[in-house]
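Load the model in your viewer and keep the selection tool at hand. The stops below go from the ligand outward to the pockets.

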Amino acid sequence: MGTVSEIASTYTFGKDITVNRLGYGSMQLAGFGVFGEVEDRENAIAVLRAAVEAGVNFIDTAEAYGPKFNESLIHDALHPYKKGLFIATKGGFNRPGPNVWVPNGNPDYIQSNIDGSLERLGVNQIDLWQLHRIDPNIPVKQTFKPVIKAVKEGKIKYVGLSEVSVKQIKEVSDILPIVSVQNLYNLGNRQWEDVLDYTTKNGLAFIPWFPLASGPHKLADKIDKIAKEHQATTAQIALAWLLKRASNILLIPGTKSIKHLQENLGAASIELTDAEFEALS
Ligand SMILES: NC(=O)c1ccc[n+]([C@@H]2O[C@H](COP(=O)([O-])OP(=O)(O)OC[C@H]3O[C@@H](n4cnc5c(N)ncnc54)[C@H](OP(=O)(O)O)[C@@H]3O)[C@@H](O)[C@H]2O)c1
(Lines give C-alpha, C1' and ligand atoms only; values in the text may rest on other atoms or scores of the structure.)
Protein backbone atom coordinates (compact mmCIF):
# COMPACT_ATOMS: atom_id res chain seq x y z
CA MET A 1 0.00 0.00 0.00
CA GLY A 2 1.30 3.49 -0.85
CA THR A 3 0.92 6.32 1.62
CA VAL A 4 -2.46 7.97 1.79
CA SER A 5 -1.03 11.08 0.13
CA GLU A 6 -0.08 9.00 -2.89
CA ILE A 7 -3.46 7.38 -3.34
CA ALA A 8 -6.20 9.52 -1.80
CA SER A 9 -7.85 12.31 -3.72
CA THR A 10 -7.63 15.76 -2.23
CA TYR A 11 -9.92 18.62 -1.23
CA THR A 12 -9.00 22.31 -1.25
CA PHE A 13 -10.25 24.73 1.41
CA GLY A 14 -10.51 28.28 0.09
CA LYS A 15 -7.81 28.65 -2.53
CA ASP A 16 -4.76 27.64 -0.62
CA ILE A 17 -5.12 24.63 1.67
CA THR A 18 -5.24 21.23 0.05
CA VAL A 19 -5.68 18.12 2.19
CA ASN A 20 -6.04 14.41 1.57
CA ARG A 21 -9.70 13.44 1.83
CA LEU A 22 -8.81 10.67 4.26
CA GLY A 23 -7.93 12.37 7.52
CA TYR A 24 -8.11 11.44 11.19
CA GLY A 25 -10.50 12.38 14.02
CA SER A 26 -8.83 12.42 17.42
CA MET A 27 -11.84 12.28 19.76
CA GLN A 28 -11.13 8.64 20.68
CA LEU A 29 -7.87 9.82 22.26
CA ALA A 30 -9.46 10.92 25.54
CA GLY A 31 -10.67 9.36 28.77
CA PHE A 32 -14.00 7.56 29.31
CA GLY A 33 -16.93 9.60 27.97
CA VAL A 34 -14.46 11.85 26.07
CA PHE A 35 -13.51 13.20 29.48
CA GLY A 36 -10.07 13.50 31.00
CA GLU A 37 -6.72 12.33 29.71
CA VAL A 38 -6.49 9.28 27.45
CA GLU A 39 -5.57 6.14 29.39
CA ASP A 40 -2.59 5.08 27.28
CA ARG A 41 -0.94 8.37 26.36
CA GLU A 42 2.09 6.75 24.77
CA ASN A 43 -0.11 4.75 22.42
CA ALA A 44 -2.19 7.84 21.60
CA ILE A 45 0.95 9.74 20.64
CA ALA A 46 2.07 6.81 18.50
CA VAL A 47 -1.30 6.75 16.70
CA LEU A 48 -1.13 10.47 15.90
CA ARG A 49 2.44 10.18 14.65
CA ALA A 50 1.61 7.11 12.57
CA ALA A 51 -1.28 8.99 10.96
CA VAL A 52 0.92 11.89 9.90
CA GLU A 53 3.67 9.53 8.80
CA ALA A 54 1.19 7.72 6.56
CA GLY A 55 0.33 11.03 4.88
CA VAL A 56 -2.69 12.19 6.87
CA ASN A 57 -2.68 15.98 6.74
CA PHE A 58 -6.14 16.74 8.12
CA ILE A 59 -6.80 16.14 11.83
CA ASP A 60 -10.02 17.05 13.62
CA THR A 61 -10.04 17.87 17.33
CA ALA A 62 -12.01 20.12 19.73
CA GLU A 63 -11.59 22.11 22.91
CA ALA A 64 -14.33 19.87 24.32
CA TYR A 65 -12.37 16.60 23.93
CA GLY A 66 -10.95 16.03 27.37
CA PRO A 67 -11.83 18.92 27.58
CA LYS A 68 -8.55 20.55 26.53
CA PHE A 69 -6.43 17.38 26.93
CA ASN A 70 -6.93 16.33 23.32
CA GLU A 71 -5.57 19.56 21.83
CA SER A 72 -2.56 19.41 24.17
CA LEU A 73 -1.98 15.79 23.18
CA ILE A 74 -1.90 16.76 19.50
CA HIS A 75 0.61 19.46 20.31
CA ASP A 76 2.80 17.11 22.31
CA ALA A 77 2.68 14.40 19.65
CA LEU A 78 3.11 16.49 16.54
CA HIS A 79 4.60 19.91 17.30
CA PRO A 80 6.55 21.32 15.48
CA TYR A 81 3.96 20.50 12.85
CA LYS A 82 4.89 19.03 9.51
CA LYS A 83 4.44 21.57 6.71
CA GLY A 84 0.98 21.24 5.22
CA LEU A 85 -0.64 19.62 8.28
CA PHE A 86 -4.11 21.14 8.68
CA ILE A 87 -5.63 20.97 12.18
CA ALA A 88 -9.32 21.67 12.62
CA THR A 89 -10.64 22.39 16.10
CA LYS A 90 -13.95 23.42 17.61
CA GLY A 91 -15.37 25.47 20.45
CA GLY A 92 -18.70 26.16 22.08
CA PHE A 93 -19.38 23.20 24.40
CA ASN A 94 -19.23 23.07 28.21
CA ARG A 95 -18.09 19.69 29.55
CA PRO A 96 -19.30 19.26 33.13
CA GLY A 97 -18.58 15.49 33.11
CA PRO A 98 -18.12 12.28 31.07
CA ASN A 99 -20.58 12.07 28.16
CA VAL A 100 -22.15 15.41 29.11
CA TRP A 101 -22.14 18.09 26.43
CA VAL A 102 -23.80 21.47 27.00
CA PRO A 103 -23.73 24.06 24.20
CA ASN A 104 -22.33 27.42 25.30
CA GLY A 105 -22.38 30.19 22.71
CA ASN A 106 -21.70 33.00 25.16
CA PRO A 107 -19.26 35.32 23.35
CA ASP A 108 -16.88 35.49 26.33
CA TYR A 109 -16.76 31.70 26.47
CA ILE A 110 -16.18 31.48 22.70
CA GLN A 111 -13.36 34.02 23.02
CA SER A 112 -11.72 31.97 25.76
CA ASN A 113 -12.10 28.79 23.69
CA ILE A 114 -10.35 30.40 20.72
CA ASP A 115 -7.51 31.80 22.83
CA GLY A 116 -7.13 28.47 24.63
CA SER A 117 -7.02 26.46 21.38
CA LEU A 118 -4.31 28.75 19.98
CA GLU A 119 -2.25 28.25 23.10
CA ARG A 120 -2.75 24.51 23.50
CA LEU A 121 -2.13 23.76 19.82
CA GLY A 122 0.87 26.11 19.90
CA VAL A 123 -0.10 28.02 16.75
CA ASN A 124 -0.55 31.67 15.79
CA GLN A 125 -3.49 30.82 13.60
CA ILE A 126 -6.16 28.10 13.81
CA ASP A 127 -6.55 26.53 10.35
CA LEU A 128 -10.25 25.74 10.77
CA TRP A 129 -12.32 26.76 13.80
CA GLN A 130 -15.75 25.14 13.96
CA LEU A 131 -18.64 26.11 16.20
CA HIS A 132 -19.31 22.75 17.86
CA ARG A 133 -23.02 23.50 18.41
CA ILE A 134 -25.26 26.51 17.97
CA ASP A 135 -26.48 27.50 21.45
CA PRO A 136 -30.27 27.90 21.25
CA ASN A 137 -30.16 30.38 24.14
CA ILE A 138 -27.80 32.92 22.55
CA PRO A 139 -28.41 34.87 19.32
CA VAL A 140 -25.99 33.40 16.79
CA LYS A 141 -24.77 36.90 15.86
CA GLN A 142 -23.50 37.30 19.42
CA THR A 143 -21.76 33.93 19.38
CA PHE A 144 -19.86 34.79 16.21
CA LYS A 145 -18.68 38.26 17.33
CA PRO A 146 -15.38 36.99 18.79
CA VAL A 147 -14.97 34.64 15.82
CA ILE A 148 -15.22 37.50 13.33
CA LYS A 149 -12.70 39.44 15.44
CA ALA A 150 -10.31 36.46 15.52
CA VAL A 151 -10.54 36.07 11.73
CA LYS A 152 -9.73 39.80 11.31
CA GLU A 153 -6.77 39.47 13.67
CA GLY A 154 -5.49 36.47 11.72
CA LYS A 155 -6.04 34.07 14.65
CA ILE A 156 -8.49 31.96 12.65
CA LYS A 157 -8.07 31.18 8.96
CA TYR A 158 -11.32 29.38 8.16
CA VAL A 159 -14.62 28.92 9.98
CA GLY A 160 -16.96 25.93 9.97
CA LEU A 161 -20.14 24.68 11.63
CA SER A 162 -21.19 21.44 13.26
CA GLU A 163 -24.59 19.68 13.48
CA VAL A 164 -26.57 22.34 11.64
CA SER A 165 -29.55 22.49 9.30
CA VAL A 166 -29.54 24.18 5.88
CA LYS A 167 -31.50 27.06 7.44
CA GLN A 168 -28.79 27.53 10.08
CA ILE A 169 -26.00 27.37 7.48
CA LYS A 170 -27.72 30.15 5.55
CA GLU A 171 -28.26 32.20 8.69
CA VAL A 172 -24.59 31.99 9.71
CA SER A 173 -23.35 32.56 6.13
CA ASP A 174 -25.09 35.95 6.25
CA ILE A 175 -22.90 36.84 9.25
CA LEU A 176 -19.51 35.54 8.08
CA PRO A 177 -18.11 33.23 5.38
CA ILE A 178 -17.93 29.56 6.31
CA VAL A 179 -16.05 26.77 4.50
CA SER A 180 -17.26 23.54 6.12
CA VAL A 181 -20.05 21.67 7.85
CA GLN A 182 -19.49 18.71 10.19
CA ASN A 183 -22.68 16.67 10.75
CA LEU A 184 -23.47 13.10 11.80
CA TYR A 185 -23.51 11.02 8.62
CA ASN A 186 -22.64 7.45 7.65
CA LEU A 187 -24.11 4.52 5.74
CA GLY A 188 -26.43 3.76 8.65
CA ASN A 189 -27.54 7.32 9.41
CA ARG A 190 -28.35 9.63 6.54
CA GLN A 191 -30.64 12.13 8.24
CA TRP A 192 -28.55 15.03 6.89
CA GLU A 193 -28.74 14.21 3.16
CA ASP A 194 -30.18 17.67 2.46
CA VAL A 195 -27.27 19.35 4.26
CA LEU A 196 -24.72 17.23 2.39
CA ASP A 197 -26.35 18.14 -0.95
CA TYR A 198 -26.43 21.81 0.03
CA THR A 199 -22.71 21.82 0.89
CA THR A 200 -21.83 20.05 -2.37
CA LYS A 201 -23.75 22.62 -4.39
CA ASN A 202 -22.39 25.59 -2.46
CA GLY A 203 -18.67 24.83 -2.37
CA LEU A 204 -18.43 23.83 1.31
CA ALA A 205 -16.59 20.82 2.71
CA PHE A 206 -18.79 18.20 4.37
CA ILE A 207 -17.08 16.35 7.23
CA PRO A 208 -19.24 13.46 8.42
CA TRP A 209 -18.80 12.67 12.11
CA PHE A 210 -19.15 9.05 13.14
CA PRO A 211 -18.14 8.03 9.57
CA LEU A 212 -17.89 4.47 10.92
CA ALA A 213 -21.14 4.72 12.89
CA SER A 214 -18.99 4.82 16.03
CA GLY A 215 -18.11 1.14 15.44
CA PRO A 216 -18.06 -0.41 11.95
CA HIS A 217 -19.62 -3.69 13.19
CA LYS A 218 -22.92 -1.78 13.32
CA LEU A 219 -22.79 -1.52 9.53
CA ALA A 220 -21.69 -5.11 8.91
CA ASP A 221 -25.08 -6.46 7.72
CA LYS A 222 -25.26 -3.81 5.01
CA ILE A 223 -21.66 -4.11 3.87
CA ASP A 224 -20.20 -7.55 4.43
CA LYS A 225 -21.07 -9.11 1.04
CA ILE A 226 -19.40 -6.30 -0.90
CA ALA A 227 -16.51 -6.21 1.59
CA LYS A 228 -15.81 -9.90 0.90
CA GLU A 229 -15.84 -9.30 -2.85
CA HIS A 230 -13.20 -6.57 -2.43
CA GLN A 231 -11.27 -8.56 0.18
CA ALA A 232 -11.76 -5.49 2.32
CA THR A 233 -13.12 -4.85 5.80
CA THR A 234 -16.46 -3.33 6.79
CA ALA A 235 -14.70 -0.13 7.87
CA GLN A 236 -12.91 0.21 4.54
CA ILE A 237 -16.09 -0.19 2.51
CA ALA A 238 -17.99 2.25 4.76
CA LEU A 239 -15.29 4.85 4.12
CA ALA A 240 -14.98 4.06 0.39
CA TRP A 241 -18.75 4.58 0.08
CA LEU A 242 -18.45 8.02 1.69
CA LEU A 243 -15.54 8.96 -0.60
CA LYS A 244 -17.70 8.08 -3.61
CA ARG A 245 -20.86 9.74 -2.25
CA ALA A 246 -19.59 13.30 -2.89
CA SER A 247 -16.24 14.86 -3.74
CA ASN A 248 -16.57 17.48 -0.98
CA ILE A 249 -16.64 14.81 1.76
CA LEU A 250 -13.57 14.71 4.04
CA LEU A 251 -13.17 11.72 6.32
CA ILE A 252 -12.13 11.78 9.97
CA PRO A 253 -12.47 8.19 11.20
CA GLY A 254 -11.32 7.77 14.79
CA THR A 255 -9.34 4.97 16.36
CA LYS A 256 -6.98 4.23 19.22
CA SER A 257 -5.34 1.49 17.19
CA ILE A 258 -2.51 1.84 14.68
CA LYS A 259 -3.74 -1.34 12.98
CA HIS A 260 -7.23 0.15 12.50
CA LEU A 261 -5.72 3.46 11.42
CA GLN A 262 -3.75 1.77 8.66
CA GLU A 263 -6.75 -0.32 7.68
CA ASN A 264 -8.92 2.80 7.43
CA LEU A 265 -6.37 4.64 5.30
CA GLY A 266 -6.47 1.65 2.95
CA ALA A 267 -10.01 2.74 2.01
CA ALA A 268 -8.45 5.36 -0.25
CA SER A 269 -7.40 2.68 -2.72
CA ILE A 270 -10.81 0.93 -2.88
CA GLU A 271 -12.98 1.91 -5.78
CA LEU A 272 -16.60 0.86 -5.64
CA THR A 273 -18.43 0.35 -8.92
CA ASP A 274 -21.56 2.40 -9.53
CA ALA A 275 -23.62 -0.77 -9.03
CA GLU A 276 -21.95 -1.49 -5.67
CA PHE A 277 -22.45 2.11 -4.60
CA GLU A 278 -26.15 1.93 -5.47
CA ALA A 279 -26.57 -1.41 -3.71
CA LEU A 280 -25.06 0.03 -0.52
CA SER A 281 -27.05 3.26 -0.84
N1 LIG B 1 -18.90 17.47 15.50
C2 LIG B 1 -19.35 16.63 16.39
O3 LIG B 1 -20.29 16.90 17.13
C4 LIG B 1 -18.67 15.30 16.52
C5 LIG B 1 -19.25 14.27 17.28
C6 LIG B 1 -18.60 13.05 17.34
C7 LIG B 1 -17.38 12.87 16.67
N8 LIG B 1 -16.86 13.90 15.95
C9 LIG B 1 -15.62 13.75 15.18
O10 LIG B 1 -15.71 12.58 14.39
C11 LIG B 1 -14.55 11.79 14.57
C12 LIG B 1 -14.87 10.34 14.37
O13 LIG B 1 -15.81 9.93 15.31
P14 LIG B 1 -15.63 8.66 16.24
O15 LIG B 1 -14.19 8.30 16.34
O16 LIG B 1 -16.37 8.90 17.48
O17 LIG B 1 -16.46 7.54 15.44
P18 LIG B 1 -16.12 6.64 14.16
O19 LIG B 1 -14.94 7.15 13.44
O20 LIG B 1 -17.40 6.46 13.42
O21 LIG B 1 -15.80 5.23 14.84
C22 LIG B 1 -14.78 5.08 15.79
C23 LIG B 1 -14.98 3.73 16.46
O24 LIG B 1 -14.80 2.70 15.50
C25 LIG B 1 -13.72 1.85 15.90
N26 LIG B 1 -12.93 1.61 14.69
C27 LIG B 1 -12.26 2.52 13.94
N28 LIG B 1 -11.65 1.94 12.90
C29 LIG B 1 -11.94 0.62 12.99
C30 LIG B 1 -11.60 -0.51 12.21
N31 LIG B 1 -10.86 -0.39 11.10
N32 LIG B 1 -12.05 -1.73 12.59
C33 LIG B 1 -12.82 -1.88 13.70
N34 LIG B 1 -13.17 -0.84 14.49
C35 LIG B 1 -12.74 0.40 14.14
C36 LIG B 1 -12.94 2.59 16.94
O37 LIG B 1 -12.41 1.67 17.86
P38 LIG B 1 -10.83 1.36 17.94
O39 LIG B 1 -10.22 2.45 18.73
O40 LIG B 1 -10.78 0.03 18.59
O41 LIG B 1 -10.32 1.32 16.53
C42 LIG B 1 -14.02 3.46 17.57
O43 LIG B 1 -14.69 2.78 18.60
C44 LIG B 1 -14.11 12.14 15.99
O45 LIG B 1 -12.75 11.85 16.20
C46 LIG B 1 -14.38 13.60 16.04
O47 LIG B 1 -13.28 14.28 15.47
C48 LIG B 1 -17.49 15.10 15.89
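Start with helix 10, residues 258-265, which gives the shell around the ligand its largest share, 3 residues; helices here are DSSP runs of H or I with at least four residues, numbered from the N terminus. The model is predicted: local features need pLDDT of at least 70, side-chain atom pairs count only at pLDDT 80 or more, and totals for chains, interfaces and linings use all residues. Residues are numbered from 1 along each chain as its sequence is written, and side-chain values use heavy atoms, with hydrogens and water left out.

Next, select the shell itself, where a residue counts if one of its heavy atoms lies within 4 Å of the ligand. There are 28 residues around the ligand, and D60, L212, T255, K256 and H260 come nearest. Coloured by class, the shell shows 11 nonpolar, 12 polar and 5 charged residues. In this scheme Ala, Val, Leu, Ile, Met, Phe, Trp, Tyr, Cys and Pro are nonpolar, Asp, Glu, Lys and Arg are charged, and the others, Gly among them, are polar.

Now show the polar contacts to the ligand (pairs of N or O atoms within 3.5 Å). At S162, select the side chain: a polar atom there lies 2.9 Å from a nitrogen atom of the ligand. At M27, turn to the backbone, where an N or O atom lies 3.0 Å from a ligand oxygen atom. S214 also offers a backbone N or O atom, 2.9 Å from an oxygen atom of the ligand. The ligand on its own has 900 Å² of accessible area, and the protein covers 87% of this (Shrake-Rupley method, 1.4 Å probe).

Hide the ligand and display the pockets. A pocket is an open set of points on a 1 Å grid over the protein atoms alone, where a 1.4 Å probe fits, with protein on both sides within 12 Å along at least five of seven lines; lining residues have an atom within 4 Å of a point. The ligand sits in the largest pocket, meaning that more than half of its atoms lie within 2 Å of the grid points. This pocket has a volume of about 560 Å³, the space filled by probe spheres set on the points. Its lining has 30 residues, with M27, Q28, F210, P211 and G254 nearest the centre. Helix 10 gives the most to this lining, 3 residues.

Last, move to the second largest pocket, of about 230 Å³. Select S9, L243, A268, I270 and E271, which lie nearest its centre among 13 lining residues. Helix 9, residues 234-245, gives the most here, with 3 residues. By class, this lining has 8 nonpolar, 2 polar and 3 charged residues.

Methods. Polar contact = N/O pair within 3.5 Å; in protein donor to acceptor, adjacent residues only side chain to side chain. Helix = DSSP H or I, 4+ residues; strand = E, 2+ residues; numbered from the N terminus.
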